[in-house]
Amino acid sequence: MKKERRKRLAGIALATALAVSAVLPFSTMYAEAAKQSDVFTAPRTGLNANAPDVPAPYSTEERKLLPGEPTEPAPGTWGYDRKSGTFTHPQATPDNEGPQPFNGSLPYLDQNQYIKNMKVEGFYPYVAGWGHSWQATFDWQGRRYLYDYETTMYNVFDITDPRNAKRIAYKSFDTKVEHQFGPFTVKYNKELGKTIAVQVYEVPRYGVLSNKYTNPEEIEAIKNRKMLRGFRIYEVTSPLWTDWKLLSETALDPNADATDDVQQGSGGLDVAVYDGGKYLFLAGAPDDSFSNTEYKSYLYSAGQMAFDISDPTKPKRLSTWWVPGQRKGEEKEYNKNPRAGNKTSWMGARMPLFIPKPVEEGGKYGYAAMGGFGFWIVDISDPANMKAVSHIDMPVSVSGTEGDNIDVTKVEKTGMVYYSGYPLGEDCHEPYKDIYAIDVRDPLHPKIAYVLPRPTPPENAPFTDYCQRRGSFGPKRSGYAAIQPGTPNPLVMPYAFYNAGVQIFDLKDLKKPTIGAYFVPKMSGEYLSNDGSGFETSEHSNPVHSIFVEWDRNLVWAFSNHGIYVLSTPLLGEPKYGLPQTK
């Protein structure tokens with residue numbers, strides 16, 4: 001740390017701490033520091049003079065840990081070091097929620113914006129989901145459309161000119177009387193001469209089941225929930241979902257019909273993998289036997305499934321692959337995992353296989369992030385007989401999601417895939433979620449090569465570590481390679497990073513990857529209500545929760561808690577503002 005920065009930190013007034021003490025009444029670490037008159041935080045200056053206060057902290061006093069659950073980390077084993085300006089993450093934490101500040105946390109929501117080697121091409125004050133949303137684009141009759149959506153609503157934008165995007169439709173879903181919306185992908189099927197959409201549906205992760213270990217009635221509410229636990233296939237006939245033609249409905253439960261009120265299993269998780277050809281890959285638990293998982297608010301441990309949808313009106317189930325230990329009756333294998341019994345870890349897939357090359361084009365391998373079961377390479381050359389080739393037991397990182405995303409857009413050129421989980425807690429009250437570069441050039445013997453650098457704040461920020469900025473900090477996802485338009489740059493990887501905004505990793509030197517660009521928006525703001533009646537104040541904890549990359553236009557769309565940013569960077573090349581011309 002430079003001398004002037006060290007001096008700036010050392011000169012922060014203790015008087016500021018008196019205001020913080022009202023904000024941080026439950027922080028053991030803070031209380032201990034206060035006794036030593038060592039409490040400090042950044043003063044309110046510039047754009048932060050009138051910044052919103054942070055929410056009150058989550059009280060650990062009300063929390064009762066379950067048998068086997070990780071305990072709270074001991075004071076002094078983690079936290080912020082004022083001398084070095086760095087933060088040490090806890091080695092393990094119980095499942096937690098809400099603000100959990102420490103000595104050094106900002107008492108306000110930083111309103112500054114930080115940018116390096118990037119340009120804001122546009123901003124649109126619309127929000128589909130405060131903690132997560134999905135996106136999809138497709139071209140139709142010379143225009144490009146973007147869906148930004150959650151399970152209860154969607155916005156549709158005409159983004160043909162990204163600098164002048166227009167919202168053309170909005171729809172909300174009352175899931176008490178109509179079926180929820182679901183993650184989808186849209187692709188043109190050359191054989192059929194039609195544009196096809198596949199939309200999947202999963203049981204709720206929040207709002208119904210809070211704790212399966214203490215609330216058996218909530219388990220029954222999930223098991224008896226009336227919904228399609230599977231997928232629908234549509235013919236896309238206009239930019240608007242309400243106009244699409246339903247071609248088929250398929251339950252993942254092999255013993256159920258799509259029209260049955262009650263079905264077993266989880267349904268389909270996240271965006272299915274479909275490239276417009278013959279095969280469909282998705283993640284899901286097809287029945288209730290896929291149940292060995294620790295996570296409190298989820299009943300299922302999803303495997304990987306393959307379908308033949310060459311006739312989209314009659315999908316054919318091909319195979320289901322899972323890790324030994326995921327199913328009821330496989331507890332002996334399950335209990336070998338160091339996470340068994342911790343009541344916290346997500347065990348099983350959160351997303352479908354990550355497939356760099358379609359099977360129809362000679363693709364042989366899919367890469368699976370199986371939560372606490374680690375990283376797997378799966379032979380998919382015969383989708384009716386998927387089989388494991390190799391795997392890596394990844395380092396334990398509890399709490400938070402350990403195995404979620406795999407970026408495969410570089411593997412054809414570099415032999416590397418990039419594997420990560422993401423944080424679930426706030427204020428870095430969990431182990432940091434590294435992004436692991438895994439060398440898969442020998443698919444029988446994959447190995448961790450290195451981790452990508454952890455983002456650090458710029459010199460002009462009123463904090464020296466992103467953990468101080470509040471909310472969540474860590475990688476979310478690099479977008480969806482299966483649905484983002486264009487050919488990915490093999491040496492550049494954008495990543496959503498919550499309170500660190502969008503971080504762009506420069507991979508030109510695989511031995512020394514760097515962060516070549518970033519855009520970090522303010523922590524909170526106002527966005528236009530969906531009915532257009534006025535503005536609403538954003539939730540604080542997930543400032544940038546998703547990105548969507550238009551590789552064919554060199555644009556990164558960042559979805560924040562207060563709106564949508566359109567970004568460009570010289571690392572990707574000059575942005576293109578019209579619809580790309582197809583050859």
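A disulfide is taken here as a pair of cysteine sulfur atoms within 2.5 Å. By this rule, the predicted model contains one disulfide. The bond joins Cys428 to Cys467, with an S to S distance of 2.0 Å. The two cysteines are 39 residues apart, and the pair links distant parts of the chain. Cys428 lies in the loop between β21 (416-422) and β22 (435-439), whereas Cys467 lies in the loop between β23 (447-451) and β24 (492-496). The link of Cys428 and Cys467 is left-handed, with -90 degrees about the S-S bond. Buried residues are those under 20% relative accessible area. Cys428 has a relative accessibility of 3% and therefore counts as buried. Cys467, at 1% relative accessibility, also counts as buried.

Cys428 also takes part in the lining of a cavity, the second largest in the model. The other residues lining this second largest cavity are His89, Pro423, Glu430, Pro431, Tyr432, Lys433 and Phe473. By class, the lining has five nonpolar, one polar and two charged residues. The space in the second largest cavity is about 30 Å³.

In total, the structure holds two cavities of 30 Å³ or more. The largest cavity encloses about 50 Å³ of space. Its lining is formed by His132, Ser133, Lys476, Arg477, Gly479, Tyr480, His545, Ser546 and Ile547. Of the residues lining the largest cavity, two are nonpolar, five polar and two charged.

The strands β5, β6 and β7 were examined next. Strand β5 (residues 134-140) pairs with β6 in the antiparallel sense over seven bridges. Within this pairing, Thr137 has Leu146 of β6 as its bridge partner. The hairpin of β5 and β6 has two residues between the strands, and Gln141 in this hairpin takes a positive phi near 50 degrees. Strand β6 is also joined to strand β7 (residues 153-158), by six bridges, and these two strands run antiparallel. Tyr147 stands opposite Val156 in β7. The connection from β6 to β7 is a hairpin through two residues.

Strand β6 (residues 143-150) thus pairs with β5 and with β7. Six of the eight residues of β6 are buried, so the strand is largely enclosed by the rest of the structure.

Note on methods. Residues numbered from 1 in each chain as written. Predicted model: local features only at pLDDT ≥ 70, side-chain atom pairs only at ≥ 80, totals over all residues. Heavy atoms only, no water. 1 Å grid on protein atoms, 1.4 Å probe; cavity = no way out; pocket = protein on both sides within 12 Å on 5 of 7 lines; lining within 4 Å. Points joined across faces, edges and corners; volume = space filled by probe spheres on them. Nonpolar A, V, L, I, M, F, W, Y, C, P; charged D, E, K, R; others polar. Helix = DSSP H or I, 4+ residues; strand = E, 2+ residues; numbered from the N terminus. Buried < 20%, exposed > 50% of the residue type's maximum accessible area, 1.4 Å probe, protein only. Pairing = 2+ DSSP bridges.
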